[in-house]
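Dear colleague,

Please find below the structure that I am handing over to you. A short account of what was found in it follows.

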Number of protein chains: 2
Amino acid sequence: MKKDYDLVIVGAGPAGMSAGMYGARSGLETLVLEKGISGGLSNEAPEIENYPGFKNVRGMELVEKMKEQVSEYVEIKELENVERIELKENQAVVFTEKGVYVSKAVVMSMGARHRKSGAKGEDEFLGRGVSYCATCDGFFFKGKSVVVIGGGDSAVREALHLNNIGCDVTVIHRRDKLRAEPYLQNKLEQSSVAILWDSVVKAIAGDKKVEGVVTHNKKTGKDDELPVDGVFISVGEEPNNELATQIGVTVDKNGYIITDKSQRTNIERVYAAGDITGGVRQIVVACAEGAIAALAAYDDLLALT
Amino acid sequence: MKKDYDLVIVGAGPAGMSAGMYGARSGLETLVLEKGISGGLSNEAPEIENYPGFKNVRGMELVEKMKEQVSEYVEIKELENVERIELKENQAVVFTEKGVYVSKAVVMSMGARHRKSGAKGEDEFLGRGVSYCATCDGFFFKGKSVVVIGGGDSAVREALHLNNIGCDVTVIHRRDKLRAEPYLQNKLEQSSVAILWDSVVKAIAGDKKVEGVVTHNKKTGKDDELPVDGVFISVGEEPNNELATQIGVTVDKNGYIITDKSQRTNIERVYAAGDITGGVRQIVVACAEGAIAALAAYDDLLALT
């Protein structure tokens, strides 16, 4: 069993898979480790219309294509969780539950997880009316009624985005004022977006897909029903940055790894790509960052000795 | 004929097409202008193996898919050359040979052009053994003989990349020393790459594909033949930056447009994406930059009262 690598990639979402392919195609001994199955959150997308080259593709189908392609060049070890990484003398030692790998460079592409709203039916209707990304899925709801759950910058952005597309939007927020930046709040006020204050979504209802939500007003204590076609949940996101912060990789105030334009982190020969770096959460961007990270690793290893 | 837009995109390569799709899907009135046909240099790629999602696809085929997809959302006006752009009061006025368009924001994605080596047969064998990009095409030549024409950083990088992949590489350089950085030169010396000094490639020969090159030694005046399967030309690249520099967009010393991580240039509501920004010349990266640029334009227009 081979244990020495030029490049080990942690996480086989689109960013990690792309990094694996670019690393291996550059001649680096490359390995991709994935705690679950390849594809990350992309697997959740029922339909993707904005990945260039595919007019309409299911997330799982796109992931499968990428995996098949990438596996031509590099091994993806699935169901192998990385437990910790140790840096020593120009090497990273990667400990998984199954083995130990030594690598000259590491790409961190562990992705991010959505914070959940806690509404009943949230998991059940995921991809059938429930979404965590208006840029990804908003267009499917053109001319339809949607709610956005949340009150921060990203919730307001999602609401405005959906409004701009031509959705009938209601923001549901648990407090009596928004946390979003003033200019976003102004935009929202000027728009036709409705706001349901002091309310949470208790349950998402429907048969095969979302047909409505049950809201609960925290001040009056009353429940209400609202018929809608889509529920956009925007109550935050958490980068899976534990392995990064443990070795001293610098993250921003929200926990996203900070990189330069070549995807280098503050630690030499440690790179980051995809959702874990924040920014635009799009598959094509994750793939690009993975490619750039691997090519930067190739350059940096070339420069070493 | 509509003349007022939120976002006009100049150039319909992968970056411009992606920007068009993302702009239109965000609800911006978007237009893409292209002086020739959509796809830019991607059309030249005979085979692409490293665009995530496609195991193996002809450049023209991938371009066609993207064009069909993007045209669902936004008009691409082909064969309409932008002659100049004027900035005035929060607007860009875009003059083409056929009309005048007013836009609140502009994405510049005019791409770059390869400098040619001047060898006879260079155009004829393009995609049939002649390539301008080892990262793109090197893998097809694994285990085969190739020459790299050039002596600068990128030529040496290309040579090392090909060597790393397992090609038998000869660098052909017109002078008696390289212009590349010392560490790259050291790498090259330590590698098994051969160098043919003081020489140029006069002609590329073959039947259906490249079978060899005719070299000319400038010192001895003698011609020679070298059987090879591939010819990588790396004598430089020139960004198509004329429209950008005319309006004061900042470029680096090689003429590439400088952007921040959101693809913003130094001029408000002017963005750049793709090969014109330098960096990694990969289709997936161009697409990602186009997406990011359009989403930044969307954000910036939102912030603009």
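**Findings**

Val32(A) is found in strand 2 of chain A, which covers residues 30-33. The model in which this residue sits is a predicted one. Val32(A) is buried, because its relative accessible area is 0% and the cut-off for a buried residue is under 20%. Setting aside neighbours within four places in sequence, Val32(A) is in contact with Ile9(A), Gly11(A), Ala12(A), Gly16(A) and Gly20(A), and also with Val74(A), Glu75(A), Ile76(A) and Lys77(A). One of these partners, Gly11(A), is 21 residues away from Val32(A) along the chain, yet the two C-alpha atoms are separated by 6.8 Å.

**Chain A as a whole**

Strand 2 belongs to a chain with seven helices and 17 strands. For the 305 residues of chain A, a compact globule would have a radius of gyration near 19 Å; the value for chain A is 21 Å, which agrees. Along its principal axes, the C-alpha trace of chain A spans about 65 × 35 × 30 Å.

Buried residues account for 58% of the 305 residues in chain A. Of the contacts in chain A between residues at least 6 apart in sequence, 59% join residues at least 24 apart. The exposed area of chain A is about 12700 Å², and carbon and sulfur atoms supply 47% of that area. Chain A carries 37 positive and 45 negative charges, and the mean positions of the two sets are 2 Å apart.

**How the two chains are related**

What turn lays chain A on chain B? The turn is one of 180 degrees, with a shift of 0.0 Å along the axis and an RMSD of 0.0 Å. That is the relation of a two-fold axis. As for the interface, 100% of the interface residues of chain A are also interface residues in chain B, so the copies meet through the same surface.

**Arg269 in both chains**

Arg269(A) has a phi near 60 degrees, a positive value in a residue other than glycine. Its place is the loop between helix 6 (242-246) and strand 17 (270-272) of chain A. With a relative accessible area of 9%, Arg269(A) is buried.

In chain B, Arg269(B) also has a positive phi, of about 60 degrees, although it is not a glycine. Arg269(B) lies in the loop between helix 6 and strand 17 (270-272) of chain B. Is Arg269(B) buried or exposed? Arg269(B) is buried, with a relative accessible area of 10%.

**Leu243 in chain B**

The helix that precedes this loop in chain B deserves a separate note. Leu243(B) is placed in helix 6 of chain B, which comprises residues 242-246. Leu243(B) has a relative accessible area of 12% and is therefore buried. Which residues does Leu243(B) touch, not counting those up to four places away in sequence? They are Val10(B), Val82(B), Glu83(B), Arg84(B), Ile85(B), Met108(B) and Met110(B). A further pair involves Ala294(B): Leu243(B) and Ala294(B) are 51 residues apart in sequence, and their C-alpha atoms are 19 Å apart in space.

With kind regards

Conventions
Residues are numbered from 1 along each chain as its sequence is written. Chains are lettered from A and ligands numbered from 1 in the order in which they are written. This is a predicted model: local features need pLDDT of at least 70, side-chain atom pairs count only at pLDDT 80 or more; totals for chains, interfaces and linings use all residues. Side-chain values use heavy atoms; hydrogens and water are left out. Helices (H or I, at least four residues) and strands (E, at least two) are DSSP runs, numbered from the N terminus. The radius of gyration is taken over C-alpha atoms; the globule rule is 2.2 Å times the number of residues to the power 0.38. Buried means under 20% relative accessible area, exposed over 50%, partly exposed in between (1.4 Å probe, protein chains only). Contact means heavy atoms within 4.5 Å. Accessible areas come from the Shrake-Rupley method with a 1.4 Å probe; for residues, only the protein chains shown count as cover. Lys and Arg count as positive and Asp and Glu as negative; His and the chain ends are not counted. The place of a charge is taken as NZ of Lys, CZ of Arg, CG of Asp or CD of Glu. Copies are superposed by least squares on the C-alpha atoms of residues with pLDDT of at least 70 in both.
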